[in-house]
Amino acid sequence: MSKNLKLITDGLVKNNPTFVLLLGMCPTLATTTSAINGLSMGLATLFVLVLSNMAISLIAPAVPDKVHIPVYIVVIATFVTLLQLLMQAYTPSMYETLGLFIPLIVVNCIVLGRAEAFANKHGVLESACDGLGVGLGFTCSLTVLGLVREILGSGSAFGFNFIGGNDGMLAFVMAPGAFLCLGYLMVLFNKFLKKD
Amino acid sequence: MAAVSNLKNMVMVLGLTCLLCSAVLGGAYALTKEPIDAAAKAKTDKAIGAVLPAFDETSYESVDVDGKTYNYYKAVKGGETVGYAVESSVVGFGGPLSLMVGVTPDGIVHNTSVLSHAETPGLGAKCNTDAKFMAQWEGFDPSAKILSVKKDGGDVDAITASTITSRAYTEAVKNAVDAVKKLEENDHE
Amino acid sequence: MEYFLIIISAIFVNNIVLAQFLGICPYLGVSNKLSTASGMSMAVCFVITLATLVTYLINQYLLVPFQLEFLQTIAFILVIAALVQMVEIVLKKVSPSLYQALGIFLPLITTNCAVLGVAITVVTKEFTFGLPSHMLNLGEALVYAFATSLGYGLAMVIFAGIREHLALSDVPKAFKGVPIALVSVGILAMAFMGFSGMVK
């Protein structure tokens, strides 16, 4: 059991998809205009990651090598569509906010990457734990980035406004701020957390 | 690890995966269709409720004004029309800006609400959050005040640093008011 | 006039990388050298335009009539994957020199979210471009897709130029590699923000 626990914690720092593996940059930059949006995008990816990891670890032994990529993509796309339908039904406003980036989870390199690098060689339980770990790592990065951008850009945190008024530094909510914040957060991560 | 590839098992595995996945999705679609429709309806109902006085029921109709078609919900209470919720779409700063504008039969704006927009976050997007900007539409009487922003000689307070968005918003409200005027004229003919 | 507005909007105002955040992974990955950057841009340009044509037709004549829009994501990604594979095979046979130039980038393009992103955007989003808001027709969709990929190429080539200079400068250790690249893109994005609101 401790091995599975390690798989989960590895995803948070040592294999952090955003800061170490540099994967899934598009949703990371695009959806983190606030902490809540970042958190939701992270959880949406986590959902797909865990389910597709489990499904792929189950079917991998039966899939011929030459068609494994198309098969994996179909499996991932199925879970993404499932997520789209569920979000449309039960969280329609969040579905609208995240927009295009929900269907684009299909081409998020993290999901296909974990299927290729881990899930097709390991058991269901281990693959689920790996998906959970990497997904949590992704969720944490997105939430932190969203939080930083929300504090600087709108003067609020998780929707709670603390400067009285909504006059933050607008650039941080817009495109340039996304790149700058991620760049500087990565510097901090390299300086204090990364072990060579 | 993975099975050896030959044409037969490649076609079979791919075909089977596609079939299975489509079946799963077809089922999921059938199950979620009802809640999805309900969510969409709840959103429209909420927008209508926010811009009109209390009503019993609404009917969805459309009217042509100057070659443009406007869809609206006619709200009825006790057999009498209490207002129209007009869907009005214009071009804002960043793209389409679409509003639900509630107008009572006497031509007074009851309230407005944003259906969708593509304005700049923190600037034009405030048309959906700025309390001062939003409050001025409640009970706005186009016969007593001028429907254009103060910069253009009207009576609408623009959002700070977002004149283009404010102008577009005002235009959308004006279009809705004109549509209702046309409706009332049609009714009295 | 409308086509002109679409082109300006797609290249500068709503630049796919710097304003819409699509296709960032290859953008950061292959922009080290000007030559690879321009090769990748050309391959992306080719695939985006072709993929938009095919997915638009599939959506219009297959998914919409049978009310299968919920299969959009899965159908589009399969089409794109198959298309990329086909382009690779055809190119290898027909023009070996072009294959040499673009070939190594082609497999990477399937998972480039810019391709799927543009394909989904043109069939789901309403645009204005100086007219009342409307869905794009096939001609507009193709011009939009082509111009968007030109914008991708522009952002890519500018950035590759910057990175070639960055490689020669003395950067603090923690900034080396991707962090300094991201900070530079941020400044580039700020420059492109000057175009916002120019075309609606």
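Across all chains, the structure holds 14 aromatic pairs, and I should say straight away that what we are looking at is a predicted model. A pair of aromatic rings is described by the distance of the centres and the angle of the planes, and I will give both values for two of the pairs.

Let me take chain B to begin with, where B:Trp137 and B:Tyr169 form a stacked pair, with 5.5 Å from centre to centre and 25 degrees between the planes. Because B:Trp137 sits in the loop between helix H2 (131–135) and helix H3 (163–188) of chain B, while B:Tyr169 belongs to helix H3 itself, the pair ties together parts that are 32 residues apart in sequence. Both B:Trp137 and B:Tyr169 are buried, and ring pairs join these two residues with B:Phe133 and B:Phe140 into a cluster.

In chain C, C:Tyr27 and C:Phe159 also form a stacked pair, at 5.1 Å centre to centre and with 15 degrees between the planes. This pair links distant parts of the chain, since C:Tyr27 lies in helix H2 (residues 24–29) and C:Phe159 in helix H8 (residues 138–166), 132 residues apart. Is C:Tyr27 buried or exposed? With a relative accessibility of 0%, C:Tyr27 counts as buried, and C:Phe159 is buried too, its relative accessible area being 0%.

Finally, a residue in chain A: A:Val106 is found in the loop between helix H5 (92–98) and helix H6 (109–117) of that chain, and with a relative accessible area of 6% A:Val106 is buried. Leaving aside residues up to four places away in sequence, A:Val106 touches residues that include A:Ile73 and A:Val80 from chain A, as well as C:Thr73, C:Ile77 and C:Leu116 from chain C.

Note on methods:
Residues numbered from 1 in each chain as written. Chains lettered and ligands numbered in written order. Predicted model: local features only at pLDDT ≥ 70, side-chain atom pairs only at ≥ 80, totals over all residues. Heavy atoms only, no water. Phe/Tyr/Trp six-rings, centres within 6.5 Å; stacked < 30°, edge-to-face > 60°. Helix = DSSP H or I, 4+ residues; strand = E, 2+ residues; numbered from the N terminus. Buried < 20%, exposed > 50% of the residue type's maximum accessible area, 1.4 Å probe, protein only. Contact = heavy atoms within 4.5 Å.
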